[in-house]
Amino acid sequence: MVENKSKRIYKPIKYLRRNTPIYRRVTLLRVLQISALMILILLIIGAGSLLAGNVHIDFSHVLRYLAKALTGDFSITSQEELILFSVRLPRIIFAGIVGASLSIGGVIFQAILRNPLADPYVLGISGGSALGAIIGILLGASSFYLGVPLLAFVGALATVFLVFVVAGGTRGPLLDNSLLLSGVVVNAFFSAAILFFLSIVNSMELHSITFWLMGDLSRASTKEICLAAFCLIAGFVLLYAQARKLNLIVQGEDTALQLGVNVERTKQRLLIVTSLITAVAVSLAGIIGFVGIMVPHFMRLIFGSDHRLLLPVSVLFGASFLIVADTIARVVFAPAELPVGVITALCGAPYFIFLLKRKAR
Amino acid sequence: MSIISAENINFSYAEKLVMENISFAIDEAQIMAIIGPNGSGKTTLLKIINGTLFPDAGQMLIDGKGTSRWSRKDIAQKVAIVPQETAVIFPFCAEEIVLMGRFPHLSNYRFEDKKDYRIVHEAMEKTDTLTFAARSFDKLSAGERQRVLIARALAQEPKVLLLDESTVFLDLKHQAQFLALLRQLNTAQQLTVIFVTHDINLAAQHADRIILLYSGKIYAIGKPAEVITAANIKKVYDVDSLIDQNPQSGLPRLTLLT
């Protein structure tokens with residue numbers, strides 16, 4: 001009896017697995033269609049998030065304010081407008097940008113390392129960035145404009161460099177496994193350093209550091225948001241040109257080489273651009289785990305592995321996902337806020353286990 | 001002029017010399033077999049021919065131009081290789097894999113058009129892989145995977161086709177089909193074929209000329225009857241064999257004496 005029951009439960013899952021992903025050719029039209037659909041979803045989620053929050057704002061009011069803004073009148077005359085346009089909207093946009101940047105990081109790192117577990121977090125880029133930020137906070141860099149983000153950015157880039165050197169030098173071929181391993185090692189070292197700093201600072205600084213460590217999307221200024229958006233868009237255009245090459249690199253370096261890809265040069269370019277995008281995002285938003293691993297995987301399950309489709313859908317889904325996560329973080333214990341990293345980890349860890357189990361079978 | 005020629009090539013892996021003083025020339029539309037014991041440098045030689053490895057000394061020439069002076073994409077338009085195996089980490093279906101063969105003919109932002117899909121369709125038809133075009137590559141059997149990789153190489157529309165043990169996983173029917181296909185491409189489209197194999201009879205039957213490698217050197221090169229002799233086989237493989245003639249083709253036939 002018990003056996004029968006479990007069989008019946010598993011059947012639909014099996015059925016789903018056998019039939020996905022259904023192969024459809026990746027054409028320009030299809031990429032545009034799916035992207036348009038995802039953009040629509042992103043806009044709906046964004047609008048929903050705009051409505052959600054501690055202060056209730058009536059839907060009709062929101063429409064009226066939006067209509068007013070569309071006519072070119074950006075003056076803020078009420079408290080509701082203030083909340084909508086200078087608190088919620090920038091935060092939503094920023095969440096989208098960070099989610100997209102981390103997802104790009106995941107897609108590209110997973111492809112060039114040929115390892116489905118790679119992402120900016122695992123490779124230590126987030127950790128390095130955090131260490132830079134913490135040192136910045138302790139040295140009092142928060143009193144300078146862009147002080148902490150700048151140090152975080154330096155920390156991220158230094159990590160990329162360090163990971164490279166540990167993995168076998170800046171010259172010569174980059175072995176995928178050694179890069180990932182050295183990322184893990186460097187990350188472990190940084191974690192220890194972060195814990196060390198946490199244990200010696202006073203409680204005021206501790207609070208701001210802890211929030212940073214768990215991801216905080218509320219602090220970025222408009223200028224910083226614009227900076228991150230610029231890096232994301234410019235980076236995406238550059239990376240999209242390499243999308244077909246990524247498909248070949250995933251097949252193995254020998255294969256890519258013989259099919260006409262200059263593998264070393266392509267990999268270096270990809271690493272530089274991707275590191276920049278993720279370093280900017282992490283330095284402004286703090287550490288937000290699991291987005292980079294989860295989003296590309298989930299998209300691959302639905303849309304297949306062709307990077308010409310995978311890259312745009314991951315960007316758009318990553319943006320939507322982090323907006324949802326951040327909205328939940330804002331709303332559940334309002335007026336108190338949860339760090340958004342808590343939400344992504346709470347969704348991410350079980351999903352990760354599901355993936356591993358699925359693979360093992 | 002020969003389409004492929006090697007001039008006094010030396011090559012070493014981590015200080016160890018694995019290719020020594022290799023010279024040969026292959027004319028257009030020739031079928032060349034490379035045979036030799038394990039570790040004699042067959043696969044390395046293939047990689048040097050298609051320019052994914054560069055010789056330490058000497059030159060590998062394609063159309064009279066050294067491989068290091070070609071761009072990767074230009075070589076890939078001329079020379080295709082069917083590797084022994086490919087590990088696939090992310091799910092791609094068979095047609096997507098074959099479509100990758102079109103890479104050297106396309107620029108960065110361009111998507112494949114009707115012509116590319118037609119070429120891919122033909123390549124898959126010839127290799128009998130259309131029935132599982134939409135199936136995930138990693139779920140296919142070894143023989144099916146090998147045929148998909150052959151289709152990918154054909155989709156590259158190469159002038160020179162390199163095969164690294166490409167028949168080992170094929171059943172008899174598909175072996176025969178594949179060999180007939182090679183013959184046909186060879187005569188109809190002047191395709192040059194260079195294949196590495198452990199099957200000496202396969203080499204003897206289908207190659208115009210054979211290179212016999214022995215610890216990184218060319219031990220013998222020439223027509224099948226000149227290379228496949230009991231003395232050469234004894235020296236290189238250290239086995240006793242009987243070499244007679246295939247009653248139909250008159251080409252040498254090897255039987256192991258054990």
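## H56 of chain A: out in the open

Let's start at one residue, H56(A). H56(A) is exposed, because only 9 other C-beta atoms lie within 10 Å, and a residue counts as exposed at 12 or fewer. If you look for H56(A) in the structure, you will find it in the loop that links helix 2 (28–51) to helix 3 (59–70) of chain A. A second residue to look up is A234(A), which is 178 residues away from H56(A) along the chain. Between the C-alpha atoms of these two residues there are 37 Å.

Please keep in mind that this is a predicted model. Its scores are ipTM 0.87 and pTM 0.85. For chain B, the mean pLDDT is 90, and 100% of the residues reach 70 or more.

## Chain A: a chain of helices

How many helices and strands does chain A have? The count is 15 helices and zero strands. Chain A holds 361 residues, and 44% of them are buried. Now take the contacts in chain A with a separation of 6 or more: 75% of these come from residues 24 or more positions apart.

Helix 3 of chain A, which follows the loop of H56(A), is a good one to trace by eye. From the first C-alpha to the last, its twelve residues reach 16 Å, close to the 16 Å expected at 1.5 Å a residue. Just after helix 3 of chain A comes G72(A), with a positive phi of about 100°.

## Where the two chains meet

Chain A and chain B touch each other: 24 residues of chain A are in contact with 24 residues of chain B. On the chain A side, the elements that give two or more residues are helix 10 (243–250) and helix 11 (253–258). What kinds of residues make up this side of chain A? They divide into nine nonpolar, ten polar and five charged.

## The six-stranded sheet of chain B

Chain B has strands, and six of them form an open sheet in the order 6-7-8-3-9-10, with mixed pairing. Why do strand 6 (79–82) and strand 10 (217–222) of chain B have one side without a neighbour in the sheet? These two strands stand at the edges and each has a single partner strand, so one side of each is left free of a neighbour in the sheet. From one strand to the next, the twist averages 15°.

Within this sheet, strand 3 (residues 31–35) and strand 8 (residues 192–196) of chain B pair in the parallel sense, over four bridges. One residue to pick out is I31(B), whose bridge partner in strand 8 of chain B is V193(B). A helix belongs in this picture too: helix 5 (residues 142–155) of chain B lies across strand 6 and strand 7 (160–164) of chain B. Helix 5 runs at about 180° to strand 6 of chain B.

## The four-stranded sheet of chain B

Chain B also has an open sheet of four strands, in the order 2-1-4-5, with antiparallel pairing. Its edge strands are strand 2 (16–26) and strand 5 (65–66) of chain B, and each pairs on one side only. Helix 1 (residues 42–49) of chain B packs on the sheet, where it touches strand 1, strand 2 and strand 4. The direction of helix 1 makes about 120° with that of strand 1 of chain B. Strand 1 (residues 4–13) and strand 4 (residues 57–62) of chain B run antiparallel and are joined by five bridges. Here I4(B) stands opposite I62(B) of strand 4.

Two residues have a backbone angle to look at. N21(B), in strand 2 of chain B, has a positive phi near 50° although it is a residue other than glycine. A29(B), in the loop between strand 2 and strand 3 of chain B, is not a glycine either, and its phi is positive at about 65°. N21(B) is partly exposed, with 15 other C-beta atoms within 10 Å; A29(B) is partly exposed, with 16.

## A hairpin in chain B

Finally, look at strand 11 (residues 241–245) of chain B. Is this strand well covered or hardly covered? Strand 11 is hardly covered: the count of buried residues among its five residues is zero. Strand 11 and strand 12 (residues 252–256) of chain B run antiparallel, and five bridges join them. One of the residues involved is I243(B), whose bridge partner in strand 12 is L254(B). This hairpin has six residues between the strands, and G250(B) takes a positive phi near 75°.

Definitions and conventions: Residues numbered from 1 in each chain as written. Chains lettered and ligands numbered in written order. Predicted model: local features only at pLDDT ≥ 70, side-chain atom pairs only at ≥ 80, totals over all residues. pLDDT = per-residue confidence, 0-100. Buried ≥ 20, exposed ≤ 12 C-beta atoms within 10 Å, placed from the backbone. Contact = placed C-beta atoms within 7 Å. Nonpolar A, V, L, I, M, F, W, Y, C, P; charged D, E, K, R; others polar. Expected span 1.5 Å × (residues − 1). Pairing = 2+ DSSP bridges. Axes fitted to C-alpha atoms, helices over the stretch in contact; angles between N-to-C directions.
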